[in-house]
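Reader: I should like to study this structure through a series of questions. May we begin with the empty spaces inside it?

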Amino acid sequence: MPSLNYTKELFRRSNTILMFGLLGLVLALIVSFVQPLRYSSAIRLLIFQNLGPSVDAYTASRSVERVAEDLSTIIYTSTFFDQVIASGFRVDVNTFPKEDNKRRRVWTQTVDANVSHGSGLLTIATYHTDIAQAEQLVRAIAFVLTQHVKEYTSGGNVDIRLVDAPLNSVWPVKPNIFANIISGFFLGCLVGAAYILLELERIRRRHQFVHED
């Protein structure tokens, strides 16, 4: 059997690859719509730290960024969650399971915190099937951070201010259906290409075995 041109064979069987890609797309759609559609509400907080006139600008900037990173980690803790629930905002506690492990997992999936590198900007987003609940959650988080920042930082020279009010999404943002479709189609095409290559290799080995006999 002449040596196979795998690239040529892949192009010749592109319909098979396309079929796998469409199958992956359909599976991605099914998985996306099985999950509840969630909206987002996001705020931005600016962190200040007074280190005195003897500290240079670069060191001060790095220190503020470190504080922001520490706070972005603390947000996911159970202690912080309890303070959010007790903050007085209209947060539906029934959203979160009573079991500690499950509650932590749901809370981690509900909130997202990111630090803008090189600055003291902390962006916090919350996700919920009810946009009003997402906004209440993000407002509660901002309240706890601004009112209890000294409990979560080592020094008393840190201040947090809300610089961007909650921005609510118009459409559901999770799951990201468009990204899932693209990923499903791409992965499906890869599986299709791998399937064809395995088939070609199996045929090549079979012919080689026959000719050796």
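Reader: Which helix supplies the largest share of the lining of the largest cavity?

Author: The model discussed here is a predicted one. The lining of the largest cavity consists of Tyr76, Thr77, Ser78, Phe81, Arg103, Arg104 and Trp107. Helix 4 (78-85) and helix 5 each supply at least two of these residues. The largest share, three residues, comes from helix 5.

Reader: How many nonpolar residues does the lining of the largest cavity have, and how much space lies in that cavity?

Author: By class, the lining has two charged and two polar residues, and three nonpolar ones. The structure holds one cavity of 30 Å³ or more. The space in the largest cavity is about 50 Å³.

Reader: Is Asp100, in helix 5, buried, partly exposed or exposed?

Author: Asp100 belongs to helix 5. Its C-alpha atom lies 8.5 Å from that of Ser78, although 22 residues separate Asp100 and Ser78 in sequence. A residue is buried under 20% relative accessible area and exposed over 50%. Because the relative accessibility of Asp100 is 29%, this residue counts as partly exposed.

Reader: Which helix gives the most to the lining of the largest pocket?

Author: The residues around the largest pocket are Gln35, Pro36, Arg38, Thr95, Val106, Gln109, Thr110, Tyr127, His128, Thr129, Lys174 and Pro175. Both helix 5 (100-110) and strand 3 (121-128) supply at least two residues of this lining. With three residues, the element that gives the most is helix 5.

Reader: What is the volume of the largest pocket, and how does its lining divide by class?

Author: The lining of the largest pocket includes Arg38 and Lys174. It divides into two charged, four nonpolar and six polar residues. The volume of the largest pocket is about 210 Å³.

Reader: In what order do the strands of the sheet lie, and which are the edge strands?

Author: Four strands form an open sheet with antiparallel pairing, in the order 2-3-1-4. From one strand to the next, the twist averages 20°. An edge strand here pairs on one side only, and this holds for strand 2 (111-115) and strand 4 (158-168).

Reader: How many bridges join strand 1 to strand 3?

Author: Individual residue pairs show how these strands are matched. Tyr39 has His128 as its bridge partner in strand 3, and Ser40 stands opposite Tyr127 in that strand. The two strands run antiparallel, and the number of bridges joining them is eight.

Reader: Which residue of strand 4 is the bridge partner of Gln49?

Author: Strand 1 (39-49) is also joined to strand 4. The two run antiparallel and are joined by eight bridges. In strand 4, the partner of Gln49 is Val158.

Reader: Over how many bridges do strand 2 and strand 3 pair, and which residue in their turn has a positive phi?

Author: The pairing of strand 2 and strand 3 is antiparallel and extends over five bridges. Val111 stands opposite Thr126 in strand 3, while Val115 has Leu122 as its bridge partner there. The two strands form a hairpin with five residues between them, and the turn residue with a positive phi, about 85°, is Gly118.

Reader: How many residues of strand 3 are buried?

Author: Helix 5 lies across strand 2 and strand 3, at about 50° to strand 2. Helix 6 (residues 131-152) lies across strand 1, strand 2, strand 3 and strand 4, at about 15° to strand 1. Strand 3 is mostly covered, and of its eight residues the number buried is seven.

Reader: Is Gln136 buried or exposed?

Author: Gln136 has its place in helix 6. Beyond its neighbours within four places in sequence, it is in contact with Phe89, Arg90 and Val91. The cut-off for burial is under 20% relative accessible area. Because Gln136 has a value of 12%, this residue is buried.

Reader: How far apart are the C-alpha atoms of Thr16 and Ala193?

Author: Thr16 is part of helix 2 (residues 14-34). At 26% relative accessibility, Thr16 counts as partly exposed. Thr16 and Ala193 are 177 residues apart along the chain, and their C-alpha atoms are separated by 8.3 Å.

Methods:
Residues numbered from 1 in each chain as written. Predicted model: local features only at pLDDT ≥ 70, side-chain atom pairs only at ≥ 80, totals over all residues. Heavy atoms only, no water. 1 Å grid on protein atoms, 1.4 Å probe; cavity = no way out; pocket = protein on both sides within 12 Å on 5 of 7 lines; lining within 4 Å. Points joined across faces, edges and corners; volume = space filled by probe spheres on them. Nonpolar A, V, L, I, M, F, W, Y, C, P; charged D, E, K, R; others polar. Pairing = 2+ DSSP bridges. Axes fitted to C-alpha atoms, helices over the stretch in contact; angles between N-to-C directions. Contact = heavy atoms within 4.5 Å. Buried < 20%, exposed > 50% of the residue type's maximum accessible area, 1.4 Å probe, protein only.
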